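Here are a few exercises to work through with the model open beside you. Try each task before reading its solution.

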Amino acid sequence: MTDIAQHVRGDRDRIFSQLKKLVSFNSVHGDPELKDQTQGASEWVKDALTEAGFAVEAIETTDGSVALVSEKTAESAAPTVLLYSHYDVVPAGDHAEWDSDPFTLTERTAADGSTRWFGRGAADCKGNLAMHLAALRALEANGGAGVNLKVLVEGSEEKGGEGLSQLIADRPELFAADAILIADAGNAAVGQPTLVTSLRGGAQITVTVDTLRAPVHSGQFGGAAPDAVKALMRAIDSLTDETGRTQIDGIDCAAQWDGQGYPAEQFKADAQMLDGTEIMGGEEGAGQVADMVWARPALTVTGFTSTPVDQAVNAVPHTAQANLNLRVPATMDSQEVADAVAEHLKNHVPWGAHIDVDVWDVNRGFSTNPSAAALATLGECLAEAYGSDASSMGMGGSIPLTVELQEAHPDAEIVLFGVEEPKCTIHSANESVDPTEVENIAIAEALFLQRYGK
């Protein structure tokens, strides 16, 4: 522990340098204008893994992204561990919303006085990739790993990872392992070692409501002619009770989370809630918040279309459309819940309005057993790296890769962890990572790779 920790903590300059180079690539998959950026990122990853002593295969997948699959053998009898990360990112958005260039990794003091590194992908997921590389260097300097190693780094996770999904289906042997460490998550808070044991599944649901053949004058017909926007609002609102809890006809929306709670004040800070706003659900205990975000279905209106405000005219709207993002706990069937939402909306739309509900992009949730060997070992290593016991929590996001790998290799233990704690604000402007999180997670991973299977 001491030698590995000293190596990683003495390696901060190189960690920063590697992450800075990774962040410099605007590697958004699928944008033709950024093809050179995604190619540059994949080539950099290939070179870094080759330098670390891995045999690397660069595979162009069916969605046009490049997956880097690499391997380093210790001994045939040793267990095999697969490390995962991705080098693609979401778009940076409006650069004016950033306090520094999103593609120049910048160290500065955050509002809480801590030192953080800012840049697109600094946490999700290039910070995790830099963490893997730091752990591998620490191992090399301290006797090497006690396992056979594979490293998988893909290039289209943020766009659904369809290419990798097909590769897993076509060549499952590439990903065979006893333990799969997916570094695309993070701790409950900085300095609080955490294993993620549950991921929500979900779906996208597009709802269209029509009430009139065309807009009609609000002075002549308003008050009696059915307003499509109001009809859609009423239908969506029926999915929430007066306290803000989700309610779906025929679905149990009252389950309770049996793991670590989510303190209300911490949640308010993590979610960047405005002063005076209240957590939905009517109660603000740690258990209640955890129930809402990890144990129960949740619906978010992610898009709404009618007449734009700057184009408003005095007319009753004839059509309106919304996109709902559904999140479903791992204990529930995502398709069943999505279908129930669709039926609920059809039954609750008012005034005989015509409604069309399209359910798409359905994905399943994932859960794992925190007492299984790999998770228990990593939990011990996290506790040692941080100096405090590791806990478990759920994560609201979905990672379909977990289910696909589990189906391809049912006996593999899948572990979720990483550097992406809430203050990272991944996918938003001023995304950042705490360098101590990169270091501590790297120490824990290196210890795990020495000890697993012994």
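**Exercise 1. Cysteines**

How many disulfides does the count come to?

Solution. Before you start, note that this is a predicted model, where local features need pLDDT of at least 70, side-chain atom pairs count only at pLDDT 80 or more, and totals for chains, interfaces and linings use all residues. Residues are numbered from 1 along each chain as its sequence is written, and side-chain values use heavy atoms, with hydrogens and water left out.

Step 1: get the rule straight. A disulfide is a pair of cysteine sulfur atoms within 2.5 Å.

Step 2: check Cys125. The closest cysteine sulfur to its own is in Cys424, 11 Å away, so the two are too far apart for a bond. Going the other way, Cys424 finds its closest cysteine sulfur in Cys125, again at 11 Å and too far for a bond.

Step 3: tally up. The count comes to 0 disulfides.

Step 4: see where these two sit. Buried means under 20% relative accessible area, exposed means over 50%, and partly exposed is in between (1.4 Å probe, protein chains only). Cys125 has a relative accessible area of 0%, so it is buried. Cys424 also counts as buried, because its relative accessibility is 0%.

**Exercise 2. Salt bridges**

Work out how many salt bridges there are, then look at the surroundings of three of them.

Solution. Step 1: recall the idea. Side chains of opposite charge can pair when their charged atoms come close. The cut-off here is a side-chain nitrogen of Lys or Arg within 4 Å of a carboxyl oxygen of Asp or Glu. By that rule you get 15 salt bridges.

Step 2: take Arg12 and Glu439, whose closest N and O atoms are 2.7 Å apart. This pair links distant parts of the chain: Arg12 belongs to helix H2 (residues 12-23) and Glu439 to helix H13, 427 residues apart. Helices are DSSP runs (H or I, at least four residues) and strands are too (E, at least two), numbered from the N terminus. Arg12 is partly exposed, because its relative accessibility is 27%, while Glu439 is buried at 5%.

Step 3: try Arg108 and Asp99, which meet at 3.7 Å, N to O. Arg108 is partly exposed at 22% relative accessibility, and Asp99 is exposed at 62%.

Step 4: move on to Asp291 and Arg296, with closest N and O atoms 3.6 Å apart. Asp291 counts as buried at 5% relative accessibility, and Arg296 is buried as well, at 8%.

Step 5: look for shared partners. Arg9, Arg12 and Glu439 are joined into one network by salt bridges that share partners.

**Exercise 3. Two positions in space**

Find what separates Lys454 from Gly146, and Ser198 from Ala110.

Solution. Step 1: Lys454 lies in the segment after helix H13 (435-451), and it counts as exposed at 78% relative accessibility.

Step 2: the C-alpha atoms of Lys454 and Gly146 are separated by 8.2 Å, with the two positions 308 residues apart along the chain.

Step 3: Ser198 is in strand S8 (residues 194-199) and is buried, with a relative accessible area of 9%.

Step 4: Ser198 and Ala110 are 88 residues apart in sequence, and their C-alpha atoms are 30 Å apart in space.
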